[in-house]
Amino acid sequence: MIDFENGIHIKETGLWLDARRKADFCFVSHAHTDHAVRHAEILCTRETARLCEHRFGKAKFNILEYNRPKRLKGAKVQLFPSGHVLGGAQILIEKGGTRIVYTGDFKLRRSLTAKKAEIKKCDILIMESTFGLPRYLFPHPREVQAQMTEFVKDAQAKERIPVFLAYSLGKAQEAMKILSNRGFKLSLHGTIYNIAKIYEEFGIKFRDYQLYQADNLEGRVVIAPPAVMRSGMIENMPRKRTAILTGWAVDPEVKDYYGVDEAIPLSDHADFSELFQYVKIARPQKVYTVHGFPDFVRFLREEGFDAEPLKESTKAKTAFSKELLTNYELFA
Ligand SMILES: [Zn+2]
């Protein structure tokens, strides 16, 4: 019934889920580039459609609001919030009495910029499990926010410009909200600035931010995508302190990999305990994992769940690695 080849295919319905190659009709869970491809027709939320359009231009969007069931391709489908980024959705597909949920990327912790995730009971659960090892337990959001504030105050006390590296869709806007709520003035890389404007179209407003200007950084906090770390923008900036915002901050190698002063675990993904909590609440008869460590599947089996990876894509990976960062997990 469920196939994996460059994306998830629910064969009975002809429906693809986050396919990586162009498909005729595909559900796109959110607008991160590893999930969003310009398919012939895209099923998604209004926010995701807007973000996709910003990234790759016009396409045929079949827009569905959260929690509005619709008959589609001989099945009943319903989107509901994933808590991951603006517009992020999970999908429930009901066909012949079987309830299939695909989570896409999700987190259960509260976010300041994404709708809180919901969990629905299902028979088959297809879930992302990026941080499915017991050592990936993220601190409470308040503690992460305190670490970010501390980092800024410490840098400014030493007359250095604080620079946060955060992926341009989602993570950066969450950082903007955290920092601007605390009264810090922001200077943003262009890709982050443009996406922040789209967040504002959907009612998520930010205070005191401007487009990055090299000669106007006094008293400001810079937010830039991680790829910019080795560019002139950051390299030519005198007297700075840099911090990467990522769930991989739990692994000590991350600081060296990016060449940053700090790594702070602000993540858009579920940690190990949230992944397990999700499965316990959804109570599926079958769990398929995507994007994860084989150990998480083993763990679920030991806990009595019938689990298997939909694709053995991350065999033998047990920790953070450069290889890991070259693909999907970059967005974590
Ligand atoms: Zn994502």
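Is Ser129 buried or exposed? Ser129 is buried, at a relative accessible area of 1%. The legends below walk through this predicted model, beginning with the whole chain and then moving to close-up views.

**Figure 1. The whole protein chain, with nine helices and 19 strands.** The chain has 332 residues, and a compact globule of that length would have a radius of gyration near 20 Å; the value found here is 20 Å, so the two agree. Along the principal axes, the C-alpha atoms fill a box of roughly 65 × 45 × 30 Å. Buried residues account for 60% of the chain. Of the contacts between residues at least 6 apart in sequence, 59% join residues at least 24 apart. The accessible surface is about 13,800 Å², and carbon and sulfur atoms contribute 46% of that area. If you are thinking about electrostatics, note that the chain carries 51 positive and 42 negative charges, and that their mean positions lie 4 Å apart.

**Figure 2. Ser129 in the loop between strand 11 and helix 2.** Strand 11 covers residues 124-128, and helix 2 covers residues 141-157. The relative accessible area of Ser129 is 1%, and the cut-off for a buried residue is under 20%, so Ser129 counts as buried. Which residues does Ser129 contact, leaving aside neighbours within four places in sequence? The partners are Leu275, Thr289, Val290, His291, Gly292, Phe293 and Phe296.

**Figure 3. Helix 3, largely enclosed by the rest of the structure.** Of the 11 residues in this helix, 10 are buried, which is why helix 3 is described as largely enclosed. The buried set has charged members, and it includes Lys171, Glu174 and Lys177. Ala172, Gln173, Ala175, Met176, Ile178, Leu179 and Ser180 are buried in helix 3 too. After the helix comes Gly183, with a positive phi near 85°.

**Figure 4. Helix 4 and the elements that cover it.** Helix 4 runs over residues 190-201, and at 1.5 Å a residue its 12 residues should span 16 Å; the end C-alpha atoms are 17 Å apart, so the helix agrees with that expectation. Its buried residues are Ile192, Ile195, Ala196, Ile198, Tyr199 and Glu200. What covers these buried residues? The cover includes helix 1 (46-56) and helix 3 (171-181), together with strand 13 (185-188), strand 14 (209-211) and strand 15 (220-224). Just after helix 4, Gly203 has a positive phi of about 90°.

**Figure 5. Lys240 in strand 16 and its partner Arg160.** Strand 16 spans residues 240-245. How far apart are Lys240 and Arg160 in sequence and in space? They are separated by 80 residues in sequence, but by 4.7 Å from C-alpha to C-alpha. Beyond neighbours within four places in sequence, Lys240 contacts Arg160, Ile161, Val163, Ile234, Glu235 and Asp261. Lys240 has 22% relative accessibility, so Lys240 counts as partly exposed.

**Figure 6. Two residues with positive phi, Lys73 and Glu159.** Most residues other than glycine have a negative phi, so these two loop positions deserve a look. Lys73 is not a glycine, yet its phi is positive, at about 50°. Lys73 sits in the loop between strand 7 (70-72) and strand 8 (75-81), and at 43% relative accessibility it counts as partly exposed. Glu159 is not a glycine either, and its phi is positive at about 55°. The loop that holds Glu159 joins helix 2 to strand 12 (161-165). Glu159 is exposed, with a relative accessible area of 65%.

**Figure 7. Two glutamates, Glu41 in strand 5 and Glu143 in helix 2.** Strand 5 covers residues 41-44, and Glu41 is buried there with a relative accessible area of 18%. Leaving aside neighbours within four places in sequence, Glu41 is in contact with Ala23, Asp24, Phe25, Cys26, Lys60 and Asn62. Glu143, by contrast, is partly exposed, at a relative accessible area of 45%. Glu143 and Pro265 are 122 residues apart in sequence, while their C-alpha atoms are 9.8 Å apart in space.

Methods
Residues are numbered from 1 along each chain as its sequence is written. This is a predicted model: local features need pLDDT of at least 70, side-chain atom pairs count only at pLDDT 80 or more; totals for chains, interfaces and linings use all residues. Side-chain values use heavy atoms; hydrogens and water are left out. Helices (H or I, at least four residues) and strands (E, at least two) are DSSP runs, numbered from the N terminus. The radius of gyration is taken over C-alpha atoms; the globule rule is 2.2 Å times the number of residues to the power 0.38. Buried means under 20% relative accessible area, exposed over 50%, partly exposed in between (1.4 Å probe, protein chains only). Contact means heavy atoms within 4.5 Å. Accessible areas come from the Shrake-Rupley method with a 1.4 Å probe; for residues, only the protein chains shown count as cover. Lys and Arg count as positive and Asp and Glu as negative; His and the chain ends are not counted. The place of a charge is taken as NZ of Lys, CZ of Arg, CG of Asp or CD of Glu. The expected span of a helix is 1.5 Å times one less than its number of residues.
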